[in-house]
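Here's a walk through one structure, taken interface by interface and then down to single residues. Have the viewer open as you read.

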Amino acid sequence: MKNYYQPEIETAPYEKIREIQNEKIVKQVKYVYGNVPYYRNLMEKKGVTPDDIKSVDDIKKLPFLSKDDLREAYPYGLLGTDLKNIVRIHSTSGTTGKRVVAFYTQHDIDLWEDCCARAIVAAGGSDEDICQVCYGYGLFTGGSGLHGGSHKVGCMTLPMSSGNTDRQIQFMMDLGSTIICCTPSYAAYIGETLAEKGYKPSDNKLKAGIFGAEPWTEEMRQEIEKSLGIKAYDIYGLTETSGPGVAFECEEQTGMHINEDHFYAEIIDPDTGEVLPEGSKGELVFTSLDKEGFPLLRYRTKDICILSREKCSCGRTFVKMTKPLGRSDDMMIIRGVNVFPSQIETVLLKEGYTPNYQIVVDRVNNTDTFDIYVECPAELFSDKVSEMQTHEKNLNTAMRSMLGIGPKIHLVAPKTIERSEGKAVRVIDKRKLH
Amino acid sequence: MAITQLSAFLENTPGTLCETISAITDAGVNIRALSVADTKDFGILRIIVSDIEKTKAAINNDTVVKETPVIAVKMNDEAGALNSVLRVLRTAGINIEYVYAFTGAVHGNAYVVLRVDDVEQAEKILSENGINTLGDSDIASFLN
């Protein structure tokens, strides 16, 4: 079984991939230098010119981009071309403060959808398949990315978006979906709901699932595979670099192949920025090789992982990355949504609370639980239970509008949340994802 | 004539109530009436005490304490007494947020604490209907 969408590149000898990368990086750096003043400034500050970049080996000379740069340059500062060439935007699930808007030309959409198509084909997909896309559609990249990839492969595409599980199941069973794309926690939830409705795993026609946008474990994979009767494949990506499909899993299920003809990956020491040799654990950095709308060079993902060029039994030559093993910042991914403790702090202060709080994240029945314990200030204290519950409800609403997901709020007595001399332990993540 | 109730935010954990009550005991304050509302995460202690200032001083600084005017109605300790009070309030359309009862030292008397939003209005209605309510001075003097 050889499942390639673009075999000539996916299985090309490493030297060939390298050649393509070298050719592309020279052009991409010139393009960015000429079109993105923000990055040109960074290069000038570092004393680098496009002439210094002759191959991917020279990428290490380029300055890094971080999420802070993206925020500073918001909204148009990192745009790579005239707006008339842009056909779409996508945005991260953050807040005003943390939101990232990425721009796509038709060329960018095409290469992104190719990447997603490779992922679908690697999971066994073809034009014979019925692909149910239940990632969220809209600003989130998940829905559009897999939807576009599914079109390219020629699957019959079910643009379900997320939620409405009864309807998901009805379409899945009635139309006979063979591939499902969603977050792993939603896949697990669908599996549970199917069982509750009395379906056996063999009752559905699904054969594969492509799951990403949040961290998940090997145990969760096994559970999903069992409950849906499928093979579950991981997919990786971020809005900054396009969306899902930057890397995808093959039938070997031992890591994700990075689409190296479009994205150059480095592993760096998150503290020093030094490039680490293959096999080292460090922060993943991506350089887009042929993007037009939002061409990011050396973008620091903050995801910690390991790259490996070990020969893969699937025949692909693309380098493989492990699942992210952690983060080099304090970002949490809860139910697929990026959450920073600083956002929670902002809401608390705005709503009249002290910044003494504790976040507890856990995973129960494969769904993330999200609880915030916050001290009740004297001004908000009431002898009436109803009023206290209103405070909790209001805080939940304020959090939901800031974060996109609503935590369960627990009011606790003042001075009861542990103070710390050094760095306060604000987050207790019990999910054991890494 | 409303009386002052103290309420305190308590963690819903073993020993919290005891700690607060011990502090009040050590200050030599007598608790006339008490009620605790509980939720999953926390409790709200509500007390009527013989000395408000002493109580506030005794309770740990870190505990959030609030004063609220509530109505203490004096009734005969007999069947139907509370019902006739409640009927009066119902007729007047006054909503009771919560209620708790206590008995006094004088045999035959019973008391009920009523938490309403409009204390003035409730008192007026009660008094028009010949129902007696207590004031802070009554609480401080009786039973001491």
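What follows covers the domains, the chain contact, the salt bridges and a few backbone oddities.

## Two domains in chain A

Keep in mind that this is a predicted model. Chain A splits into domain 1, residues 7-328, and domain 2, residues 333-429. Their centres, taken over C-alpha atoms, are 31 Å apart. Each side puts residues into the contact: 14 from domain 1 of chain A and 14 from domain 2 of chain A.

How much area do domain 1 of chain A and domain 2 of chain A bury between them? About 1,300 Å², with 48% of it on carbon and sulfur atoms. For charge pairing, the count between the two domains of chain A is 0 salt bridges. Polar contacts do turn up there, with 2 residue pairs counted, both residues at pLDDT 80 or more.

On the domain 1 side of chain A, helix 8 (184-196) and helix 9 (218-228) each supply at least two of the residues that touch domain 2. Helix 8 of chain A gives the most, with 3 residues. By residue class, that side of domain 1 of chain A divides into 5 nonpolar, 4 polar and 5 charged.

## Where chain B meets chain A

Now for the contact between chains, which involves 19 residues of chain B and 19 residues of chain A. The buried area here is about 1,600 Å², and carbon and sulfur atoms give 60% of it. Which residues of chain B lose the most area to chain A? They are F9(B), D41(B) and V64(B), together accounting for 32% of what the chain B side buries.

Across this interface of chain B and chain A there are 3 salt bridges, along with 7 residue pairs in polar contact, both residues at pLDDT 80 or more. In chain B, strand 1 (3-11), strand 3 (42-49), strand 4 (65-76) and strand 5 (96-103) each supply at least two residues of the side that touches chain A. Strand 1 of chain B has the largest share, 5 residues. The class split for that side of chain B is 7 nonpolar, 4 polar and 8 charged.

One charged pair to pull up in the viewer is E97(B) with K384(A), whose side chains form a salt bridge at 3.5 Å, N to O.

## Salt bridges worth a look

Over all chains, a search of the whole structure finds 31 salt bridges. Side chains of opposite charge can pair when their charged atoms come close. Take K61(A) and D58(A), which meet at 3.1 Å, N to O. Here K61(A) is partly exposed at 37% relative accessibility, whereas D58(A) is buried at 13%.

In helix 9 of chain A, E218(A) and R221(A) form another salt bridge, with the closest N and O atoms 2.9 Å apart. The two are about one helical turn from each other, because they sit 3 residues apart in that helix. E218(A) is partly exposed at 37% relative accessibility, while R221(A) is buried at 3%.

The salt bridge between E252(A) and K320(A), at 3.0 Å, N to O, reaches further along the chain. E252(A) belongs to the loop between strand 8 (244-249) and strand 9 (256-258) of chain A, and K320(A) to strand 13 (residues 320-321), so this pair ties together parts 68 residues apart in sequence. E252(A) is partly exposed, with a relative accessible area of 30%, but K320(A) is buried, with 8%. Elsewhere, salt bridges with shared partners join D383(A), K384(A), E97(B), R115(B) and D117(B) into one network.

## Backbone oddities

What kind of peptide bond joins Y74(A) and P75(A)? A cis one, with omega about 0°. P75(A) is in the loop between helix 4 (67-72) and strand 1 (86-91) of chain A.

Positive phi values show up in residues other than glycine as well. N164(A) has a phi near 50°, and this residue is in the loop between strand 4 (156-159) and helix 7 (165-176) of chain A. R298(A) has a positive phi of about 50° and lies in the loop between strand 11 (281-288) and strand 12 (299-308) of chain A. Buried or exposed? N164(A) is partly exposed, at 44% relative accessible area, whereas R298(A) counts as buried, at 2%.

Technical notes
Residues numbered from 1 in each chain as written. Chains lettered and ligands numbered in written order. Predicted model: local features only at pLDDT ≥ 70, side-chain atom pairs only at ≥ 80, totals over all residues. Heavy atoms only, no water. Domains from an automatic or database assignment. Contact = heavy atoms within 4.5 Å. Buried area = accessible area lost by both parts, 1.4 Å probe. Salt bridge = Lys/Arg side-chain N within 4 Å of Asp/Glu carboxyl O. Polar contact = N/O pair within 3.5 Å; in protein donor to acceptor, adjacent residues only side chain to side chain. Helix = DSSP H or I, 4+ residues; strand = E, 2+ residues; numbered from the N terminus. Nonpolar A, V, L, I, M, F, W, Y, C, P; charged D, E, K, R; others polar. Buried < 20%, exposed > 50% of the residue type's maximum accessible area, 1.4 Å probe, protein only.
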